[in-house]
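Work through the exercises below with the model open. Try each task before reading its solution.

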Amino acid sequence: MPQLLKKCRTALGLCALLLPVVAVHAAPEKTVLTDEVLAHHAAVVHPLNCTITAPQSFRISSHATAELLQMLPVGSSVKKGQQVAKQDDAYLQRQINIIKTDIESARVAKNFASEEFHRMNRLSKSGLTAATEINNLKFQLDSSELKIQRLEQELQLAQMKQKRLSHFAPFDAQVMSVSSEPGSQLVEGQPIMQLLSTQNKQLECLLPVISYSSNAELKRHQFILQGKALSLREVSQQLDAKAEHLTLYFDHPASDRSNLLVGQIQQIDMQVQSETITKVPNEAIDLEGEVFRTWKIGKDDKAERVTLKILSTLDTHYIVESALRPGDKVVIRGQHGLQNGQAVKADSKPEAGRNVPSYE
């Protein structure tokens, strides 16, 4: 052999013929055990934690400077149209009387100016009066008319303020807080009390942001409260303080909402139905870091890595959302060492009771 190697240094072509030929063989095809992806016909139910809230309250304020005579205490329940507070109108009534007197005075001045204007106008045709005098009387007449209009508007404004010194509930409500007390001299715009509607109540539900896809997708889901279907009214445009939830808004379905307590907790079931939701065998799913994955065997008998979103669990399967479809084959044995695009020989899962061969 050493002599042969020595000759190879001078006869490379002969050496290539004399040295043993090493055959290169492809790696053996990997055999795996597979099972089928199943359809999931039932909707996946996500319980949502909801709170009863009142979307708005009503604040009663003073419309004029006047003494507060009476008001209902905190906790009082009132019906729509019931009086809840009253202010003294004595001073405002005197102001109204003064304005009425001013209006009568302006009308007297207007009538006098009108009569003088027409008299002087007749005299002017005979050349007995100057045009300047007629113009002055016309100016007085127009000014009187404008003064009456202004005083009438002041009267209407004062009467509106007087009318609003008696305060009434705009809807069935409860007195939630008071900002004044009887005997106080209130100025215009000063708060008196706050009312909370007993009927205008809604549900605010927290949806984990990981379960959110889009507003259009949410509209297709079903929302059930105690057997009653709800319509999603609004979706919040921001997340909560921890950026973990967004808020869904529903009108409460109760016909009488007076017994619903603000802050009361209720649960809504969000039912999700989608063709992307299937049942995958537990043995086919691996956790890589924080991501769930499985191996799918395509029609070309090659392995493909698929990412999953776990929705819920059953005894032998996970309910997942993914690109998998019913009938797809996924690997349940022999996943170790698989690579994307690797050719495999897929064995179907044997019937129950039969031994399962070992797969590496």
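## Exercise 1: Register in the sheet

Task: find the residue in E12 that stands opposite Thr 51, then place E3 and E12 in their sheet.

Solution. Step one: Thr 51 faces Glu 204 of E12 across the pairing. The model is a predicted one.

Step two: count the bridges. E3 and E12 are antiparallel and share five bridges.

Step three: look at the whole sheet. Seven strands make an open sheet, ordered E14-E13-E17-E3-E12-E16-E15, with antiparallel pairing. At its edges are strand E14 (228-230) and strand E15 (232-239), each of which pairs on one side only. From one strand to the next, the twist averages 35°.

Step four: check the other partner of E3. E3 and E17 pair in the antiparallel sense over eight bridges. Here Val 44 stands opposite Val 272 in E17. E17 also pairs with E13, again antiparallel, over three bridges. Phe 223 is opposite Met 270 of E17 in the model.

## Exercise 2: The disulfide

Task: locate the disulfide, give its handedness and say which parts of the chain it ties together.

Solution. Step one: the structure has one disulfide. The partners are Cys 50 and Cys 205, with sulfur atoms 2.0 Å apart.

Step two: read the torsion. About the S-S bond of Cys 50 and Cys 205 it is about 110°, so the disulfide is right-handed.

Step three: map the ends. Cys 50 lies in strand E3 (residues 44-53) and Cys 205 in strand E12 (residues 202-208), so the bond ties together parts that are 155 residues apart in sequence.

Step four: check burial. Both Cys 50 and Cys 205 are buried.

## Exercise 3: Two faces of E17

Task: sort the side chains of E17 by face, and say which are buried.

Solution. Step one: recall the rule. In a regular strand, side chains alternate between the two faces of the sheet.

Step two: apply it. Gln 266, Ile 268, Met 270 and Val 272 point to one face of E17 and are buried. Ile 265, Gln 267, Asp 269 and Gln 271 point to the other face and are not buried.

## Exercise 4: The cores

Task: describe the largest nonpolar core and identify the element that gives the largest share of it.

Solution. Step one: start from the principle. In soluble globular proteins, nonpolar side chains tend to be buried together.

Step two: list the hubs. The largest nonpolar core has 24 residues, and those with the most contacts inside it are Leu 48, Leu 203, Cys 205, Phe 223, Leu 248, Phe 250 and Ile 268.

Step three: assign elements. Two or more core residues come from each of E3, E12, strand E13 (222-225), E15, strand E16 (245-251) and strand E17 (265-272). E3 gives the largest share, four residues.

Step four: inspect one hub. Beyond its sequence neighbours up to four places away, Leu 203 touches residues including Cys 50, Leu 225, Leu 248, Phe 250 and Ile 268.

Step five: look elsewhere. A second, separate core has 13 residues, including Ala 85, Val 175, Leu 186 and Ile 192.

## Exercise 5: Three polar residues

Task: for Ser 180, Gln 162 and Asp 347, decide whether each is buried or partly exposed.

Solution. Step one: take Ser 180. This residue sits in the loop between strand E9 (173-178) and strand E10 (185-186). Its relative accessible area is 12%, under the 20% cut-off, so Ser 180 is buried. The Ser 180 side chain reaches the backbone oxygen of Pro 191 at 3.0 Å. Contacts of Ser 180 include Leu 186 and Ile 192.

Step two: take Gln 162, in helix H4 (residues 131-163). At 19% relative accessible area, Gln 162 is buried too. A polar contact of 2.4 Å links its side chain to that of Gln 93. Among the residues in contact with Gln 162 are Asp 89, Leu 92 and Ile 96.

Step three: take Asp 347, in strand E24 (residues 344-348). Its relative accessible area is 23%, so Asp 347 is partly exposed. The C-alpha atoms of Asp 347 and Thr 31 are 7.2 Å apart, although 316 residues separate them along the chain. Asp 347 touches Thr 31, and Tyr 359 is another of its contacts.

Methods. Residues numbered from 1 in each chain as written. Predicted model: local features only at pLDDT ≥ 70, side-chain atom pairs only at ≥ 80, totals over all residues. Heavy atoms only, no water. Disulfide = S-S within 2.5 Å. Buried < 20%, exposed > 50% of the residue type's maximum accessible area, 1.4 Å probe, protein only. Contact = heavy atoms within 4.5 Å. Polar contact = N/O pair within 3.5 Å; in protein donor to acceptor, adjacent residues only side chain to side chain. Pairing = 2+ DSSP bridges. Axes fitted to C-alpha atoms, helices over the stretch in contact; angles between N-to-C directions. Core = buried A, V, L, I, M, F, W, Y, C linked by side-chain atoms within 4.5 Å.
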